[in-house]
Amino acid sequence: MTEKKNIAIIGAGLVGSLLSLYLAKRGYKIDLYERRPDMRVSTLDGGRSINLALSDRGWRALRGIGIEEDVRKVAIPMYGRMMHSENGQLTYQPYGKEGQAIYSVSRAGLNMALMNLSEPNPDINYHFNMQVQDVNLRTNEVYLHNHHSDTDEVIQPELIFGADGAFSMVRNALQKTERFNYQQSYLEYGYKELTIPAAEDGGWLLEKNALHIWPRGNYMMIALPNIDGSFTCTLFFPYEGERSFAAIKNDTDLLNFFLEVFPDAVALMPDLAQEYFCNPTGSLVTIKCFPWSYEDKVLLIGDACHAVVPFYGQGMNAGFEDITVLDKMLDSFDGNWEKLFKEFERKRKPDADAIADLAVMNFIEMRDAVADARFLLRKKVESK
Ligand code: FAD
């Protein structure tokens, strides 16, 4: 029942960085260990999406540490989805009532804003280039490789938060404990990021305030606006099959395919071939596990305990909500970390499972929505 003050957060991504601010606000001393270099001085590509949809859950968590207004200044509201048919016809579907929106934000921009906010706090220390290799749950020793000095180091914090994402090494240690449940499932689809650059005058070549979708049956492309006038497009495509990553072998295959199925987009993508063949193909995984904690020593948070596919745009938002919920529980914290962790995982697990299942279902809805779009178009024509 002792207060633990020496906390290590593994992973300084979106969730780890935000969590550090919430814990420091309560007087804890935080050390963050991140395997990558400091993204504010290095442009190493993390291989993750360039922009993200931020919704109410996420805003609530940002509001809690007073950063909401700063992020709003660089967030682009998307009031609805704009469907692009094969012949370039557009159909707009609002997300909600007038003024309601989800927001496109830069992943790196948001992560750096959180780092900048926490860095001046003397109770928060970032340690970059530090990759966790293993955790000894009995002794609380964390084994790290320092990529900067190419040496191995060991730390022994009193409390460990695993915010190290879908392929968490902290979770890996928990997986070796008795009665730990773990499930991972990959979609037979991957994703590829492509770009529609800004117009010559710096404006947006498509409707700025919408999430664009090119639904094509069993695959689709989407595009979210960036603050610099560009759009980041993501092609969700089967790995194998007649129309798939495997089937597109060269520039000609690629161009023919895009001209046939995304003709209005390809006209706006001057770097298509270069990006398509150079950018990595990302995989899409759902990870479920339980429990999320180990005694009074370790708690997993964010993607480390609930990675979801991106079709509901809720992975980061759910990770941020973890923090809001944990923070609220800390209001009535009686010093018993184990009890707190148990209550937290019991409360959050059903919600995390629900969003994981909804996200997979929404892929089918989004990619097949071409049928809906055609239906809406027909209705429009019929009603004239
Ligand atoms: P991560 O962002 O994965 O951060 C983990 C951090 O830990 C990283 O910095 C990593 O370098 C570090 N790390 C990993 N291993 C170690 C180690 N061994 N030692 C030290 N450090 C380590 N979510 C949304 O809410 N809206 C969206 O629109 C959206 N779109 C998405 C689109 C795509 C294509 C993808 C793939 C995901 C999308 N997501 C979206 C999900 C979102 O990216 C994740 O839910 C979110 O990044 C999770 O944050 P996190 O901090 O838990 O994990």
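Q: What share of the residues of the protein chain count as buried?
A: A residue is called buried if 20 or more other C-beta atoms lie within 10 Å of its own. In this predicted model, 36% of the 384 residues of the protein chain meet that test.

Q: How many helices and strands should I look for in the protein chain?
A: You will find 12 helices and 19 strands. The radius of gyration is 22 Å, close to the 21 Å that the globule rule gives for 384 residues, so the chain is as compact as a globular protein of that length. Its C-alpha trace spans about 70 × 45 × 45 Å along the principal axes.

Q: How do I read strand pairing, and what does E13 pair with?
A: Strands pair if at least two bridges are found between them. Strand E13 (residues 181-196) pairs with E17 (residues 282-290) in the antiparallel sense over 8 bridges; there, Gln184 has Ile287 as its bridge partner. E13 also runs antiparallel to E16 (residues 231-238), again with 8 bridges, and Lys192 stands opposite Leu235 in E16.

Q: Which residues are closest to the ligand, and which element gives the largest share of its shell?
A: A residue is counted as near the ligand if its C-beta atom lies within 6 Å of it. Here 34 residues surround the ligand, the closest being Gly11, Gly13, Gly165, Gly302 and Gly315. Helix H10 gives the largest share, 4 residues. Among the other elements that supply at least two residues are helix H1 (14-25) and strand E9 (130-136).

Q: How do the shell residues divide by type?
A: The shell around the ligand has 14 nonpolar, 14 polar and 6 charged residues.

Methods
Residues numbered from 1 in each chain as written. Predicted model: local features only at pLDDT ≥ 70, side-chain atom pairs only at ≥ 80, totals over all residues. Nonpolar A, V, L, I, M, F, W, Y, C, P; charged D, E, K, R; others polar. Rg over C-alpha atoms; globule rule 2.2 N^0.38 Å. Buried ≥ 20, exposed ≤ 12 C-beta atoms within 10 Å, placed from the backbone.
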